[in-house]
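I opened a fresh page for this one and wanted to look things up one at a time. Here is what went into the notebook.

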Amino acid sequence: MNENLFQEMAQSIIDGENEIAEKLAQQSIELGINPLDAIGKGFVVGVNQVGDRFSNGDAFLPELVMAGEAMKVAIAVLEPELARLGTKREVLGTAVIATVEGDIHDIGKTLVGTMMAAAGFDVHDMGVDVPILDIVQKAREVEANIVGVSALLTTTMVKQRDVVEAIADVEFKNKVYVMVGGAPVTRSWMEEIGADGYSEDAIGAIAVAKDLLGKT
Ligand code: HCB
């Protein structure tokens, strides 16, 4: 039965139907469905399909924009639920997260921030299109242990390397670990640029951050 709901969720994103996506997200909460399942098995399936159709030339920018908007509406409904399910007992660490300069994709980055906050991190979400030096400055200001940088474009991934290098060049009071993610990012890219952690999703990002800080 949930499978049908997940399919409808995916379809609402493919069709760019904000109101339907919002209603389905609310329905999933009422049904007690884990919001991560609603996102991962429902809405993300739809946004990935639109992405694939876009890269094949079967969908165009307006469809991409509409899918992104519908995705944001659905996640906004699920976010309080994600936060509520988290166990915020001790502060595990301080994290600065941002989407790199030149890149305005914010859905995945925001999810990572929400989930990390729910898991007990003090999260400073700097938004999208953030210059490298601003990230470094923020990390210093809030005495971050983790800097999580998101990039969704092959052309902006290279900025993750710049962040790693800029963090390495500055003296911080404490060790600052750089974690990378985003659709085109892989473990081998993480290794190539000398980042400390990589995850393909938000749950994994929490595990990686905890692991880096020895909080597992
Ligand atoms: Co955009 N776009 N887009 N897009 N877009 C992608 C990314 C393509 C792959 C689509 C394609 O061609 N198949 C493609 C990139 C190709 C490439 O470079 N290889 C692309 C392109 C080309 C573009 C434009 C250049 C299109 C144009 O203008 N001609 C343009 C770029 C604008 C810019 O940034 N300068 C553009 C614009 C847009 C929007 C604005 C229309 C919209 C974004 C809306 C928004 O974010 N508010 C959009 C969307 C929605 C997408 C797709 C369809 C979905 C992205 C998404 O939200 N995924 C995407 C296709 C795809 O990725 N399948 C497509 C869902 C989230 C949950 O996944 O991977 O972002 P995520 O995050 C995960 C994961 O990676 C990890 O955890 C997250 C949660 O599970 N993670 C981290 C992420 N960050 C992390 C950081 C960490 O430290 C740790 C883990």
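**Pocket first**

I started with the lining of the largest pocket, where α3 gives the most, with eleven residues. I kept in mind that this is a predicted model. The volume of that largest pocket came out at about 1,600 Å³. I counted 47 lining residues, and Val47, Ile107, Gly108, Leu152 and Ala183 lie nearest the centre. Two or more lining residues come from each of α3 (35-55), α4 (61-85), β1, α5, β3, β4 and α9 (202-212).

**The cobalt**

Which protein atom is the donor of the ligand's cobalt atom? I found NE2 of His105, at 2.3 Å, and that is the only protein donor. Then I looked up where His105 sits: in the loop between β1 (93-99) and α5 (107-119).

**Helix α5**

I went on along the chain to α5. With 13 residues at 1.5 Å each, α5 should span 18 Å, and its end C-alpha atoms are indeed 18 Å apart, so the two agree. Its buried residues are Lys109, Leu111, Val112, Gly113, Thr114, Met115, Met116, Ala118 and Ala119. I noted the lysine in that list, Lys109. After α5 comes Gly120, with a positive phi near 115°.

**Helix α7**

Next I checked α7, twelve residues running from 158 to 169. From first C-alpha to last it reaches 17 Å, close to the 16 Å expected. Which of its residues are buried? I got Gln160, Val163, Val164, Ala166 and Ile167. Looking down the axis of α7, I saw these buried residues fall within an arc of 165°, so they line one face of the helix. The general rule helps here: an α-helix has 3.6 residues a turn, so residues three or four places apart point the same way. On the other side of α7, I found Ala168 and Asp169 exposed. I also asked what covers the buried residues of α7, and the cover includes α6 (132-142), β3 (146-150), β4 (177-181) and α8 (187-193).

**Val178**

I picked one residue of β4 to follow up, Val178. Is Val178 buried or exposed? Its relative accessibility is 3%, so it counts as buried, the cut-off being under 20%. Leaving out residues up to four places away in sequence, I listed what Val178 touches: Val147, Val149, Val163, Val164, Ile167, Ala195, Asp196 and Gly197. Val163, Val164 and Ile167 had already turned up among the buried residues of α7. Last, I checked Val178 against Met190, twelve residues apart along the chain, and their C-alpha atoms are separated by 9.5 Å.

Technical notes. Residues numbered from 1 in each chain as written. Predicted model: local features only at pLDDT ≥ 70, side-chain atom pairs only at ≥ 80, totals over all residues. Heavy atoms only, no water. Donors = N, O, S within 2.8 Å, 3.2 Å for Na, K, Ca; no water. Helix = DSSP H or I, 4+ residues; strand = E, 2+ residues; numbered from the N terminus. Expected span 1.5 Å × (residues − 1). Buried < 20%, exposed > 50% of the residue type's maximum accessible area, 1.4 Å probe, protein only. Arc of directions from axis to C-beta. Contact = heavy atoms within 4.5 Å. 1 Å grid on protein atoms, 1.4 Å probe; cavity = no way out; pocket = protein on both sides within 12 Å on 5 of 7 lines; lining within 4 Å. Points joined across faces, edges and corners; volume = space filled by probe spheres on them.
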